[in-house]
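Colleague: I'd like to take a close look at one part of this model and then see how the rest fits around it. Could you walk me through it slowly?

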Amino acid sequence: MKRRKRTEILIQDNGHLAKTFAETITAVYECREITAPQYGMTMIKMRETAKNSLFYMGEVLVTEAKVEIANRIGIGIVTGMEEELAKHLAIIDAAYKADLAETFLWEPQLIAAEDEIRKAKTRRQAELIGTKVNFETMEI
């Protein structure tokens, strides 16, 4: 599983899986904090569809953390004020970069979490569709 997809799943899971994975790693390996979770601003890049050009829409608050495990540096960046989640993501990133044995066991859990997230989104969309108003069929 690619890094981006893995990170999206861990964030959309509300950090529960990220916390479990990070605790598994920190219980066995030495984790050195390079940069404590800190807040910052980053620019949001968007694509304008008419001309297919990129532009910066604005800034968003992010929390960033860096850790080192087995001489590999992991980075965790998440929107908002999420210090704990940023640190957990950094630990998981470092664990994957170091090819730790535990990471091979996480794949089925990530796939199951992704499936559950997809089902929850589908349920939510079905609820919203039920409230949709069709203005073309309304009588005046």
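Let's start in a loop: is Asn52 buried, partly exposed or exposed, and what is its relative accessible area?

Modeller: Happy to, and keep in mind that this is a predicted model. Asn52 is partly exposed, because its relative accessible area is 49%, and the cut-off for exposed is over 50%. You'll find Asn52 in the loop between E1 and E2. Its backbone is worth a look too: phi of Asn52 is near 55 degrees, which is a positive value in a residue other than glycine. The hairpin that Asn52 belongs to is made of E1 and E2, with 4 residues between the strands.

Now follow the two strands away from that loop. E1 and E2 run antiparallel and are joined by 14 bridges. To pick one pair, look for Gly40, whose bridge partner in E2 is Val62. On to the next pair: strand E2 (residues 53-69) also runs antiparallel to E3, with 8 bridges between them. Here you can spot Glu68, standing opposite Ile73 in E3. Put together, that's an open sheet of 3 strands, in the order E1-E2-E3, with antiparallel pairing. Strand E1 (32-48) and strand E3 (72-79) are the edge strands, each pairing on one side only. On average, neighbouring strands of this sheet are turned by 30 degrees against each other, direction ignored. As a bit of background, strands of a sheet pair through backbone hydrogen bonds, either parallel or antiparallel.

For a contrast with the loop, try Thr63, which sits in strand E2. Thr63 has a relative accessible area of 0%, so it counts as buried. What surrounds it? Leaving aside neighbours within four places in sequence, Thr63 is in contact with residues including Pro37, Gln38, Tyr39, Ile77, Val78, Met81 and Ala86. Phe21 is 42 residues away from Thr63 along the chain, and their C-alpha atoms are separated by 19 Å.

Next, the helices. Find Asp93 in helix H3; its relative accessibility is 5%, so it counts as buried. Not counting residues up to four places away in sequence, Asp93 touches Arg3, Arg6, Ile73, Gly74 and Ile75. Asp93 also takes part in the packing of two helices: H1 and H3 pack at an angle of about 145 degrees, with their axes 11 Å apart. The contact uses Arg3, Arg6, Thr7, Leu10 and Ile11 of H1, together with Leu85, Leu89, Ile92, Asp93, Tyr96 and Lys97 of H3. Sort those contact residues and you get 6 nonpolar, 1 polar and 4 charged. The crossing of H1 past H3 is right-handed.

Carry on past H3 and there's another loop, between H3 and H4, where you'll see Asp99. Asp99 has a positive phi of about 55 degrees although it is not a glycine. Asp99 counts as exposed, because its relative accessible area is 55%.

That loop takes us to helix H4 (residues 103-130), which has 28 residues. From first C-alpha to last, H4 reaches 41 Å, close to the 40 Å expected at 1.5 Å a residue. Thr103, Trp106, Leu110, Ala113, Glu114 and Ile117 are buried in H4. The buried residues of H4 pack against helix H1 (3-12), helix H2 (16-28) and helix H3 (83-97).

Definitions and conventions:
Residues numbered from 1 in each chain as written. Predicted model: local features only at pLDDT ≥ 70, side-chain atom pairs only at ≥ 80, totals over all residues. Heavy atoms only, no water. Expected span 1.5 Å × (residues − 1). Buried < 20%, exposed > 50% of the residue type's maximum accessible area, 1.4 Å probe, protein only. Contact = heavy atoms within 4.5 Å. Pairing = 2+ DSSP bridges. Axes fitted to C-alpha atoms, helices over the stretch in contact; angles between N-to-C directions. Left-handed = near helix turned anticlockwise from the far one by under 90°. Nonpolar A, V, L, I, M, F, W, Y, C, P; charged D, E, K, R; others polar.
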